[in-house]
Structures are given as structure tokens and as C-alpha cells.
Amino acid sequence: MASIGAAPLLALLLCLGTSAMAQTRRDLGGFSIELPAALALQARGGIDSHSGRWVGDGLQLDYDLGLYADPLLAREGISARLERAVIVDGRPARLVHWRLDQPAPRRYFVGLHLAQIHMSSAGPLHLTLLAHGTDPTTPKAAEAMLLTLRLGAPPP
């Protein structure tokens with residue numbers, strides 16, 4: 001029997017289709033996260049950071065590990081913004097939800113920001129993950145996915 005905490009992730013998997021039911025811990029270089037199997041790496045790059053994008057079946061997950069990672073502060077044009085402090089892999093983080101109504105279709109965003117996870121010769125490195133999609137069930141399901149973040153190499 002599934003726990004109540006697993007319900008949001010199950011909703012995301014149902015939205016993504018049966019091919020997404022398998023979860024895979026993906027090594028994203030310096031951190032790992034459990035992603036639905038339906039998500040595929042679309043782009044990887046960054047001039048001054050380690051960044052990339054995973055996409056599949058109506059969901060997009062962007063990540064950025066660097067000096068200037070987006071701190072997910074308030075933006076123009078967004079509504080229903082909620083922010084709360086969370087602990088991820090023993091580290092303080094900020095979890096942010098918001099909605100973008102224009103241009104259509106409405107998009108739902110969930111971001112996770114960890115400040116100063118490493119110190120580099122240029123300064124502190126920050127990590128931001130931002131998931132979004134058009135399905136109203138995306139926020140809770142994406143939050144469950146983001147909270148699987150682990151710093152360092154993935155476990156064996």
C-alpha cells in the first residue's frame with residue numbers, strides 16, 4: 001500500500017504515462033535525483049556553471065550548479081507564489097511554488113534552491129532545480145521528485 005507522502009509522485013507518474021513508472025536515480029554531476037524513466041537529458045552546458053535540462057511528457061526539469069544559480073526570488077508576472085524552508089540531504093534549502101498564467105497555457109513551477117553547497121576558488125556555488133509543466137498536479141508531484149536530491153555521488 002502506498003503511503004500518503006507517495007501520492008504526489010504517483011500523480012506525476014500517472015500524468016507522464018506508464019512508461020514513466022520506473023524511477024531512476026540520475027547522477028547529474030555533483031548531485032543526484034530520482035527522476036521518472038520517461039525524462040531524457042535534452043541539453044547540458046553552461047559557461048560558468050554545470051547546468052542541464054531533462055524533458056519528457058509535459059514536464060521539464062532544469063538544473064544549475066554554479067556561482068550565479070537562480071535564487072528563485074519573486075518575479076514579475078507570476079501568481080500564487082509560495083515559499084518554505086526545507087531540509088534536503090541534511091542541508092537547508094528553499095522550496096518555491098508559483099504559477100504563470102500568461103502566455104497560455106498556464107504553467108506550474110516548483111523550484112528548489114540550496115545556497116553555498118560548495119566553495120570554489122571564485123566563491124560559493126549554489127544549486128537550483130526548477131521543474132515545470134502545464135498539468136495542475138505538477139507542483140505536488142514535482143516537489144516530491146525534487147526532495148529526492150542528494151549531494152555528492154549517487155548511492156551504489
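# Two sheets, a histidine and two ring pairs

Me: Which strands form the three-stranded open sheet, and in what order?

Reply: The order is 1-2-10, and the pairing is antiparallel. Strand 1 (23–27) and strand 10 (150–151) are the edge strands, each pairing on one side only. Strands here are DSSP runs of E with at least two residues, helices are runs of H or I with at least four residues, and both are numbered from the N terminus. Two strands pair if DSSP finds at least two bridges between them.

Me: What kind of model is this?

Reply: This is a predicted model, in which local features need pLDDT of at least 70 and side-chain atom pairs count only at pLDDT 80 or more, while totals for chains, interfaces and linings use all residues. Residues are numbered from 1 along each chain as its sequence is written, and side-chain values use heavy atoms, with hydrogens and water left out.

Me: How many bridges join strand 2 to strand 10?

Reply: Two bridges join strand 2 (residues 31–36) to strand 10, and these strands run antiparallel. Phe-31 has Leu-151 as its bridge partner in strand 10.

Me: Phe-31 again, then. Which residue forms an aromatic pair with Phe-31?

Reply: A search of the whole structure finds two aromatic pairs. One of them is formed by Phe-31 and Tyr-63, which are edge-to-face, with 5.5 Å centre to centre and 80° between the planes. Phe-31 lies in strand 2 and Tyr-63 in strand 5, so the pair ties together parts that are 32 residues apart in sequence. For the criteria, rings of Phe, Tyr and Trp (its six-membered ring) pair if their centres lie within 6.5 Å; planes under 30 degrees apart count as stacked, over 60 as edge-to-face and the rest as tilted.

Me: Are Phe-31 and Tyr-63 buried or exposed?

Reply: Both Phe-31 and Tyr-63 are buried. Buried means under 20% relative accessible area, exposed over 50%, and partly exposed in between, with a 1.4 Å probe and protein chains only.

Me: Why is the pair of Trp-98 and Phe-109 called stacked?

Reply: The ring centres of Trp-98 and Phe-109 are 5.1 Å apart and their planes stand at 10°, so the pair is stacked. Trp-98 is in strand 7 and Phe-109 in strand 8, 11 residues apart, and the pair links distant parts of the chain. Trp-98 is buried at a relative accessible area of 5%, and Phe-109 also counts as buried, at 10%.

Me: On to the other sheet. What is the strand order in the seven-stranded sheet?

Reply: This open sheet has the order 3-4-5-9-8-7-6, with antiparallel pairing. Strand 3 (40–45) and strand 6 (78–88) stand at the edges with a single partner strand each, so one side of each is left without a neighbour in the sheet. From one strand to the next, the twist averages 15°.

Me: How many bridges pair strand 3 with strand 4?

Reply: Strand 3 pairs with strand 4 (residues 49–56) over five bridges, in the antiparallel sense. Ser-51 in strand 4 is the bridge partner of Gly-45.

Me: Which strands does helix 2 lie across?

Reply: Helix 2 (residues 138–146) lies across strand 5 (59–66), strand 6, strand 7 (91–100), strand 8 (107–120) and strand 9 (123–133). The helix runs at about 20° to strand 8. Axes are lines fitted to C-alpha atoms, for helices over the stretch in contact, and angles run from 0 to 180 degrees between N-to-C directions. Contact means heavy atoms within 4.5 Å.

Me: Strand 8 also holds His-113. Which side chain does the side chain of His-113 join in a polar contact?

Reply: A polar contact of 2.7 Å joins the side chains of His-113 and Thr-128. A polar atom of the His-113 side chain also lies 3.2 Å from the backbone oxygen of Asp-70. A polar contact is a pair of N or O atoms within 3.5 Å; within protein, one must be able to donate a hydrogen and the other to accept it, and residues adjacent in sequence count only if both atoms are side-chain atoms. His-113 counts as buried, at 7% relative accessibility.

Me: Where is the cis bond that leads to Pro-103, and what is its omega?

Reply: The cis peptide bond runs from Gln-102 to Pro-103, with omega near -5°. Pro-103 is in the loop between strand 7 and strand 8. The peptide bond from Ala-104 to Pro-105 is cis too, with omega near 0°, and Pro-105 is placed in the loop between strand 7 and strand 8.
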